[in-house]
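Q: I have a structure open here and would like to talk it through. Could you start with the term we will need when we ask what touches what?

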Amino acid sequence: MRRCFVGLAVAPETRERLSAALEELACLPRAAARRLRLVTPANLHLTLKFLGDTPEEALGALQDVLGDVCGAARRPGAQVAGRDAFPAPRR
């Protein structure tokens with residue numbers, strides 16, 4: 001079994017901005033920082049669908065289908081317009 005997801009890569013310039021924001025979060029007081037799970041900039045992505053545990057024998061078919069879909073799709077354009085957290089922080 002493999003834990004799988006479908007996701008989009010983050011553009012290098014967006015990755016740099018997010019990396020700077022992650023560095024700021026790493027400086028939070030310990031109580032707040034313990035609730036955060038920070039990732040390394042190399043692992044930043046936008047998860048579209050979490051598939052969870054997927055049988056090894058299904059991976060080839062999954063790659064084929066996703067390859068067909070991605071090959072036929074336009075490259076998406078997106079911009080970061082703001083940031084928020086969930087669940088909402090307690091005040």
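A: Contact here means that heavy atoms lie within 4.5 Å, and please keep in mind that this is a predicted model.

Q: Good, then let's use it: what does Glu56 touch, not counting residues up to four places away in sequence?
A: With those sequence neighbours set aside, Glu56 touches Met1 and Arg2. Glu56 itself sits in the loop between E2 and H3, and the C-alpha atoms of Glu56 and Met1 are separated by 5.4 Å although the two are 55 residues apart along the chain.

Q: Is Glu56 buried, partly exposed or exposed?
A: Glu56 is partly exposed, because its relative accessible area is 39%.

Q: OK, and which residues does Asp53 touch, again leaving out those up to four places away?
A: Asp53 touches Met1, Arg2 and Arg3 on that count, and Asp53 belongs to strand E2, which runs over residues 45-54. Between Asp53 and Cys4 the C-alpha to C-alpha distance is 6.5 Å, with their positions 49 residues apart in sequence.

Q: And is Asp53 buried or exposed?
A: Asp53 counts as exposed because its relative accessible area is 53%, and the cut-off for that class is over 50%.

Q: Let me step back for the overall picture: how many helices and strands are there?
A: The protein has 3 helices and 2 strands, and along the sequence they come in the pattern β-α-α-β-α. There are 91 residues, of which 10% count as buried.

Q: What share of the contacts join residues at least 24 apart?
A: If one takes the contacts between residues at least 6 apart in sequence, 82% of them join residues at least 24 apart.

Q: Switching to H1, what is its span from first C-alpha to last?
A: Helix H1 covers residues 12-26, which is 15 residues, and it reaches 21 Å from its first C-alpha to its last, close to the 21 Å expected at 1.5 Å a residue.

Q: Which residues of H1 are buried?
A: The buried ones in H1 are Ser19, Ala21 and Leu22. They lie on the same side of H1, because they cover an arc of only 165° around the axis.

Q: Then what is on the face turned away from that buried side?
A: That face of H1 carries the exposed residues Glu13, Glu16, Arg17, Glu23 and Glu24.

Q: Ser19 caught my eye; what is it in contact with, leaving aside its neighbours within four places?
A: Apart from those neighbours, Ser19 is in contact with Pro41 and Leu44. Ser19 is classed as buried because its relative accessible area is 16%, and the cut-off for buried is under 20%.

Q: And what about Ala20, how accessible is that one?
A: Ala20 also lies in helix H1, but Ala20 counts as partly exposed, since its relative accessibility is 39%. Ala20 and Pro41 are 21 residues apart in sequence, and their C-alpha atoms are 9.3 Å apart in space.

Q: Where does Arg37 sit?
A: Arg37 is in the loop between helix H2, residues 30-34, and E2. Arg37 is exposed, with a relative accessible area of 79%, and its C-alpha atom is separated by 9.8 Å from that of Ala26, which is 11 residues away along the chain.

Q: Last topic, the second largest pocket: how much space lies in it?
A: The second largest pocket holds about 180 Å³ of space. It is lined by 10 residues, and the closest to its centre are Leu8, Leu48, Val69, Cys70 and Ala73.

Q: Which elements supply at least two residues each of that lining?
A: Strand E1, residues 2-9, and helix H3, residues 59-72, each supply at least two residues of the lining of the second largest pocket.

Q: And how does the lining divide into nonpolar, polar and charged?
A: The lining of the second largest pocket has 8 nonpolar residues, 1 polar residue and 1 charged residue.

Methods: Residues are numbered from 1 along each chain as its sequence is written. This is a predicted model: local features need pLDDT of at least 70, side-chain atom pairs count only at pLDDT 80 or more; totals for chains, interfaces and linings use all residues. Side-chain values use heavy atoms; hydrogens and water are left out. On a 1 Å grid over the protein atoms alone, a cavity is a set of points where a 1.4 Å probe fits but cannot get out, and a pocket is an open set with protein on both sides within 12 Å along at least five of seven lines; lining residues have an atom within 4 Å of a point. Grid points are joined across faces, edges and corners, and a volume is the space filled by probe spheres set on the points. Helices (H or I, at least four residues) and strands (E, at least two) are DSSP runs, numbered from the N terminus. Ala, Val, Leu, Ile, Met, Phe, Trp, Tyr, Cys and Pro count as nonpolar, Asp, Glu, Lys and Arg as charged, and the others, Gly among them, as polar. The expected span of a helix is 1.5 Å times one less than its number of residues. Buried means under 20% relative accessible area, exposed over 50%, partly exposed in between (1.4 Å probe, protein chains only). The arc is that of the directions from the helix axis to the C-beta atoms.
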